[in-house]
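Take a moment to look over the sequence and the 3D view below. Then let us walk through a few parts of it together.

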Amino acid sequence: MTADSVQSLIDQLHEEAEMAVPNDETPDIGIVMGSDSDLPTMAGGKGKRPGAYAALADELDFAEQTDYTDAPDARFTFETFVCSAHRTPDLMYAYAETAEARGVDVIIAGAGGKSADLPNMTASIAYPLPVIGVPVQEKSVDSVIGMPQGAPITAVDAGKSFNAALTAVQMLSRKHEELRDRLVTYHQRLQEEVGDVSRDLHELGTPGFKDQYWREEE
């Protein structure tokens with residue numbers, strides 16, 4: 001028996017897959033996770049490092065699309081769902097099965113625990129759509145990357161959904177020059193930050209650097 005709330009989402013996904021919505025008005029990236037407890041890793045916050053949400057929304061100017069038929073003004077968007085592989089397998093299957101028809105170009109799938117099956121199952125069902133797996137915990141790594149030959153998945157290190165988002169945008173940038181430019185700009189900002197820190201460390205010396213930088217962080 002499928003719960004009404006789950007069935008309504010399944011029906012919604014299939015209905016959206018039948019709509020003739022232009023690709024520039026559909027989510028470019030789909031983010032799915034096995035539980036809302038994975039959200040701190042997938043989005044950031046609650047003491048976690050920045051996640052996929054931060055990479056897309058804060059660094060690369062993507063907008064989160066919360067209504068399939070009412071896209072935000074931003075050209076590039078992403079959507080977010082919880083699709084438990086074990087508690088709601090029908091929803092997981094429906095999301096992966098309809099993703100391409102709904103205009104999604106790449107999926108980021110995160111799951112935790114020793115049986116982190118959402119990423120690899122999503123990759124199998126959504127094939128040939130690329131899926132980037134995020135092991136939410138170290139103990140999830142083997143489960144996420146353990147795919148047999150002929151059933152590919154791309155994966156990042158445990159907890160690093162930020163890198164998964166960057167990888168997804170790298171894939172999209174091969175056909176969108178604007179995204180390539182955004183990635184280059186982001187990388188140049190990282191280089192500038194390293195260069196500034198290196199110069200300050202050299203010119204202030206270690207004690208002076210610690211006084212300026214470490215005390216500012218206290």
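What follows is a short tour of one strand with its partners, and then of a pair of helices. Keep in mind as you read that this is a predicted model.

Let us start with strand β1, which covers residues 29-33. Is this strand mostly covered or mostly exposed? It is mostly covered, with 5 of its 5 residues buried. You can also follow which way the residues point: Ile29, Ile31 and Met33 face one way, while Gly30 and Val32 face the other way. Residues on both sides of β1 are buried.

Now look at the strands beside it. β1 pairs with strand β3, residues 77-82, in the parallel sense, and 5 bridges join the two. If you find Ile31 in β1, you can look across to Thr80, its bridge partner in β3. β1 also pairs with strand β4, residues 106-111, again in the parallel sense and over 5 bridges. Here, Met33 of β1 stands opposite Gly110 in β4.

Next, turn to the helices. Helix α1 (residues 4-17) packs with helix α4 (residues 89-98), and their axes are 9 Å apart. How do the two helices run relative to each other? The angle between them is about 10 degrees. Angles under 35 degrees count as roughly parallel, so α1 and α4 are roughly parallel to each other.

Which residues meet there? From α1 come Val6, Leu9, Ile10, Leu13, His14 and Ala17, and from α4 come Asp90, Leu91, Ala94, Tyr95, Glu97 and Thr98. Sorted by class, this contact has 8 nonpolar, 2 polar and 2 charged residues.

Methods:
Residues numbered from 1 in each chain as written. Predicted model: local features only at pLDDT ≥ 70, side-chain atom pairs only at ≥ 80, totals over all residues. Heavy atoms only, no water. Buried < 20%, exposed > 50% of the residue type's maximum accessible area, 1.4 Å probe, protein only. Helix = DSSP H or I, 4+ residues; strand = E, 2+ residues; numbered from the N terminus. Pairing = 2+ DSSP bridges. Axes fitted to C-alpha atoms, helices over the stretch in contact; angles between N-to-C directions. Parallel < 35°, antiparallel > 145°, perpendicular 65-115°, else oblique. Contact = heavy atoms within 4.5 Å. Nonpolar A, V, L, I, M, F, W, Y, C, P; charged D, E, K, R; others polar.
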